[in-house]
Amino acid sequence: MLAFLATTLVAYILYLILTMFSGSFGLWSLGELIAGAVLSLIAGAVAFRVAFAKERAGEANIFRIFNPVRFIIFLVYLIGPFFFSMAKSNFDVAYRVITGKIRPGIVRISPGLKTDLGITLLANSITLTPGTLSVDVDEKNGDLYVHWINVKNPEPSPAEVCGSFPDWVRRIAE
Amino acid sequence: MNILIYVLFGIGLTFNGLGAIALLRFPDVYTRLHGATKATTFGSIFTTAAVIAYGFARGGPAFDTLAIHAIIALIALLITNPTGAHAIARAAYRSGVKPKYAVVDKLEEKK
């Protein structure tokens with residue numbers, strides 16, 4: 001029941017953002033408000049089992065992502081270290097495009113994350129940051145196989161490949 | 001304001017162009033994906049930021065809506081671009097494309 005309500009609420013907020021500035025009733029027109037309520041109820045009924053699927057054993061609390069502290073940490077992470085390393089990664093790619101110096105390879109890292117959400121977040125962060133691209137994931141223990149464009153060490157620690165990201169992701173998603 | 005928009009477009013187009021050059025220069029599918037995901041995502045952030053700045057600068061309901069929709073497109077882009085790259089890389093590996101010039105391949109040793 002709580003999962004259904006949460007999914008409906010998120011769908012309704014998204015609908016309201018999408019139709020902002022549409023009318024005279026505040027920022028929205030009355031028709032949009034009613035249509036959004038009906039549509040988000042339907043979306044919530046259809047999608048809540050997918051949105052809050054039972055994750056693996058050892059899962060603490062599936063509603064942990066609604067904790068506002070995690071939202072704030074996520075925003076800080078996005079604007080601070082994530083954006084910085086994304087900028088760095090682009091100059092890295094530019095350097096490698098121009099000079100052609102590459103030393104590629106696929107390495108394995110064990111970040112030690114347990115939840116699906118955390119692994120997804122880390123894999124996407126790795127793809128967008130310097131010289132690394134996540135290729136595959138070991139679903140049993142959460143190990144990531146990472147294509148590294150400039151292999152310095154065939155058996156790296158997570159910190160060598162992706163810096164402080166596992167710690168940030170642990171604070172946000174676990 | 002116009003200058004800011006031009007600068008944002010300039011940065012974005014530079015990086016998007018770099019992504020296109022990366023596609024031509026690199027030797028195999030994995031290294032090409034590096035260029036295709038990182039450079040195009042970063043470039044698209046700046047081009048979208050230019051659209052958002054333009055929308056809020058012009059004002060009025062139509063242009064505010066444009067800016068809001070550009071923000072939502074940016075969020076969707078940030079989520080789907082790395083996910084798509086991961087899917088392509090994984091599919092390529094599963095269908096037997098080996099990384100060229102690789103010094104180490106742990107995924108090979110697993111199987």
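**Salt bridges**

I began with R94(B), which forms a salt bridge with D136(A); the closest N and O atoms are 3.7 Å apart. I note here that the model is a predicted one. Across the interface of chain A and chain B I found two salt bridges by the rule. Over all chains I counted six salt bridges in the structure.

I then looked up the pair D138(A) and R108(A), whose side chains meet in a salt bridge with an N to O distance of 3.9 Å. This pair links distant parts of the chain, 30 residues apart: D138(A) lies in strand β2 of chain A and R108(A) in strand β1 of chain A.

**The sheet in chain A**

In what order do the three strands of the open sheet stand? I read the order as β1-β3-β2 (chain A), and the pairing is antiparallel. β1 (105–109) and β2 (132–138) of chain A are at the edges with a single partner strand each, so each has one side left without a neighbour in the sheet. I took the turn of neighbouring strands against each other, direction ignored, and it is 30° on average.

For the pairing of β1(A) with strand β3 (residues 143–148) of chain A, I listed five bridges in the antiparallel sense. I checked G105(A) and found W148(A) as its bridge partner in β3(A).

**Helices of chain B on the sheet**

Which strands of chain A does helix α2 (residues 29–58) of chain B touch? I found that this helix packs on the sheet against β2 and β3 of chain A, and its direction makes about 115° with that of β2(A). Helix α3 (residues 60–94) of chain B also packs on the sheet, but I see it touching β1 and β2 of chain A. For α3 of chain B I noted an angle of about 65° with the direction of β2(A).

**The interface of chain A and chain B**

I counted 40 residues of chain A in contact with 45 residues of chain B. The area buried between the two chains came out at about 3,800 Å², with 72% of it from carbon and sulfur atoms. In chain A I found that F21(A), V97(A) and I106(A) lose the most area to chain B, together 16% of what that side buries.

I also counted nine residue pairs in polar contact between chain A and chain B, with both residues at pLDDT 80 or more. I listed the elements that give two or more residues to the side of chain A touching chain B: α1 (2–18), α3 (68–99), β1, α4 (116–127), β2 and β3 of chain A. The largest share, 12 residues, comes from α3(A). I sorted the residues of this side into 23 nonpolar, 12 polar and five charged.

Conventions:
Residues are numbered from 1 along each chain as its sequence is written. Chains are lettered from A and ligands numbered from 1 in the order in which they are written. This is a predicted model: local features need pLDDT of at least 70, side-chain atom pairs count only at pLDDT 80 or more; totals for chains, interfaces and linings use all residues. Side-chain values use heavy atoms; hydrogens and water are left out. Two strands pair if DSSP finds at least two bridges between them. Helices (H or I, at least four residues) and strands (E, at least two) are DSSP runs, numbered from the N terminus. Axes are lines fitted to C-alpha atoms, for helices over the stretch in contact, and angles run from 0 to 180 degrees between N-to-C directions. Contact means heavy atoms within 4.5 Å. Buried area is the accessible area (1.4 Å probe) that two parts lose on being put together, summed over both. A salt bridge is a side-chain nitrogen of Lys or Arg within 4 Å of a carboxyl oxygen of Asp or Glu. A polar contact is a pair of N or O atoms within 3.5 Å; within protein, one must be able to donate a hydrogen and the other to accept it, and residues adjacent in sequence count only if both atoms are side-chain atoms. Ala, Val, Leu, Ile, Met, Phe, Trp, Tyr, Cys and Pro count as nonpolar, Asp, Glu, Lys and Arg as charged, and the others, Gly among them, as polar.
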